[in-house]
Amino acid sequence: MAKSLRSKWRRKCRAVKRERYAEKELERLKKTLGIDANATKDVEMADISEIATVVNVEKVKEDIGARKLKDTNDKPQAEPSEEQMEVEGVRVYNKKTLRDQYGNYPVWMNHRKIMKHKKGRAKTQKASKKTSKRLTRRQKKIKEKK
């Protein structure tokens with residue numbers, strides 16, 4: 001297969017495209033890395049010093065250690081600045097039934113999977129119910145003797 005004239009022509013065209021795109025990609029890569037001498041540099045190191053401040057690692061570690069000690073001492077008190085975001089409409093799904101508190105299945109679950117799950121759930125419910133089956137004569141005799 002794939003030996004027809006049409007497939008050969010398409011293969012040839014794709015090879016030409018690959019060469020053309022490879023040149024453009026290499027040029028773009030050099031520009032982003034700053035290797036190309038002709039490309040303009042977007043960011044200068046002088047501008048970065050205005051944005052960020054440089055701090056020693058030791059100082060940062062000391063600050064983190066001090067915070068941890070402070071947090072362990074202040075455990076009983078909750079800081080008023082830490083507020084939990086209230087989320088409305090959060091659905092809580094049960095892992096066993098895969099349904100939320102309203103009895104709906106998740107949006108991502110497709111119809112076939114829902115039907116399969118319902119069928120399996122029906123089987124487990126049926127098995128868990130105690131069936132009242134009739135006793136045979138032999139079973140009745142054994143029961144009377146006890």
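Me: Which residues does Asp100 touch, not counting residues up to four places away in sequence?
Reply: Happy to help, and please keep in mind that this is a predicted model. Asp100 is found in the loop between helix 3 (57–73) and helix 4 (111–128). Leaving out residues up to four places away in sequence, the residues that Asp100 touches are Arg91, Val92 and Tyr93.

Me: Which side chain meets Asp100 in a salt bridge?
Reply: Side chains of opposite charge can pair when their charged atoms come close. The structure holds 1 salt bridge. Its N to O distance is 2.5 Å, and the side chain that meets Asp100 there is that of Arg91.

Me: Is Asp100 buried or exposed?
Reply: Buried means under 20% relative accessible area. Asp100 has a relative accessible area of 6%, so Asp100 is buried.

Me: What is the relative accessibility of Arg91, the salt-bridge partner of Asp100?
Reply: A residue is partly exposed when its relative accessible area lies between 20% and 50%. Arg91 counts as partly exposed because its relative accessibility is 41%.

Me: Which residues gather in a patch of positive charge on the surface?
Reply: Lys and Arg count as positive. One of the patch members is Arg10, which lies in helix 1 (residues 5–33). The residues that gather in this patch are Lys3, Arg6, Lys8, Arg10, Arg11, Arg14, Lys17, Arg18, Arg20, Lys24 and Arg28.

Me: What is the relative accessible area of Arg10?
Reply: Patches are made of residues with over 30% relative accessible area. Arg10 belongs to the patch of positive charge and is partly exposed, with a relative accessible area of 43%.

Terms used: Residues are numbered from 1 along each chain as its sequence is written. This is a predicted model: local features need pLDDT of at least 70, side-chain atom pairs count only at pLDDT 80 or more; totals for chains, interfaces and linings use all residues. Side-chain values use heavy atoms; hydrogens and water are left out. A salt bridge is a side-chain nitrogen of Lys or Arg within 4 Å of a carboxyl oxygen of Asp or Glu. Buried means under 20% relative accessible area, exposed over 50%, partly exposed in between (1.4 Å probe, protein chains only). Patches are made of residues with over 30% relative accessible area and no salt bridge: like charges are joined within 9 Å, nonpolar side chains (Val, Leu, Ile, Met, Phe, Trp, Tyr) within 5 Å. Accessible areas come from the Shrake-Rupley method with a 1.4 Å probe; for residues, only the protein chains shown count as cover. The place of a charge is taken as NZ of Lys, CZ of Arg, CG of Asp or CD of Glu. Helices (H or I, at least four residues) and strands (E, at least two) are DSSP runs, numbered from the N terminus. Contact means heavy atoms within 4.5 Å.
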